[in-house]
Amino acid sequence: MAPDLILIVEDEPSIAEVVGLYLRRASYEVAFARDGLEAQQKIESNPPDLIILDLMLPIIDGFEITRWLRDQSDTPIIMLTARRDEVDRIAGLEMGADDYIIKPFSPQELVSRVRAVLRRTKPQADESTEQPISFPSMVIDPRTRLVTVGDEEIALTAKEFDTLWLLAKHPRQVFTRNHVLERVWGISDYIDPSTVTVHIRRLREKIEPDPSAPLHLLTVWGVGYKFEP
């Protein structure tokens, strides 16, 4: 089996070199892009399995690359940012990033996050045997990873689908944000629990008739979230 291809989009050569070195040691194939335009060209010519994306890039910044990519693909994205403001991290997650890491960072930690994101975004072996879950107004199919609401097929990102699938498989069971992180992301130490809040908000916007008054993805105040059939 060919190794996973990781595209490192970073305009600081020293950072890109170190990250590439650690990823190669971890048996990944590595490609590089120095700006947003080059990243787009490489993504189109040889789609990677995961993208490590700096936010502050020349020509086209990381936010624009994320928007562009999410219009056509669910390729996992780990954002790199020197900004510590929560609003920037939340903005990246709302656009569809799977994880973020703040500079300066440990290259070994980044490799661990790459492993975790790939583990959670790659189709699992038992998904082909899972049967769709049907509710009066919704069908969730793990084989196609599509959700049908009424007569409309709703395309979700990998993390959105996994979050919905977890909650829908256990209707009315309440999950804390940390439990969702552990079950969907595979880790809870690295990721801010607000990541779950962002994904729930985006799911509501896609599957709820009125996201401000959800019928299915309910908040249990002070505890977490549950799925109401």
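**View 1. Packing of helix α6 against helix α8 in the predicted model.** Two packed helices are described by the angle between their axes and the distance between the axes. In this predicted model, helix α6, which covers residues 158–169, packs with helix α8, residues 194–207, at an angle of about 85 degrees, and their axes are 10 Å apart. Because angles of 65 to 115 degrees count as roughly perpendicular, α6 and α8 are described as roughly perpendicular to each other. On the side of α6 the contact is made by K159, E160, T163, L164 and L167, while α8 contributes H199, I200, R202, L203, K206 and I207. Sorted by character, the residues of this contact comprise 5 nonpolar, 2 polar and 4 charged ones.

**View 2. The open sheet formed by β6, β7, β8 and β9.** The 4 strands follow the order β6-β7-β8-β9, and their pairing is antiparallel. The edges are held by β6 (133–135) and β9 (152–155), each of which has a single partner strand, so one side of each is left without a neighbour in the sheet. From one strand to the next, the twist averages 15 degrees.

**View 3. The pairing of strand β7 with strand β8.** Strand β7, made of residues 138–141, and strand β8, made of residues 146–149, pair in the antiparallel sense over 4 bridges. A reader who wishes to follow one bridge may begin at V139, whose bridge partner in β8 is T148.

**View 4. Helices α6 and α8 lying across strands of the sheet.** Helix α6 lies across β6, β7 and β8, and runs at about 115 degrees to β7. Helix α8, for its part, lies across β7, β8 and β9, and runs at about 160 degrees to β9.

**View 5. The cis peptide bond from K103 to P104.** The peptide bond that leads from K103 to P104 is cis, and its omega is near -10 degrees. Along the chain, P104 has its place in the loop between β5 (99–102) and α5 (107–121).

**View 6. Positive phi values at S27 and R172.** S27, a residue other than glycine, has a positive phi near 75 degrees, and it lies in the loop that runs between α1 (13–25) and β2 (29–33). With a relative accessible area of 56%, S27 counts as exposed, because that term applies to values over 50%. R172, although it is not a glycine, has a positive phi of about 70 degrees, and R172 is found in the loop between α6 and α7 (177–185).

Key:
Residues numbered from 1 in each chain as written. Predicted model: local features only at pLDDT ≥ 70, side-chain atom pairs only at ≥ 80, totals over all residues. Heavy atoms only, no water. Axes fitted to C-alpha atoms, helices over the stretch in contact; angles between N-to-C directions. Helix = DSSP H or I, 4+ residues; strand = E, 2+ residues; numbered from the N terminus. Parallel < 35°, antiparallel > 145°, perpendicular 65-115°, else oblique. Contact = heavy atoms within 4.5 Å. Nonpolar A, V, L, I, M, F, W, Y, C, P; charged D, E, K, R; others polar. Buried < 20%, exposed > 50% of the residue type's maximum accessible area, 1.4 Å probe, protein only. Pairing = 2+ DSSP bridges.
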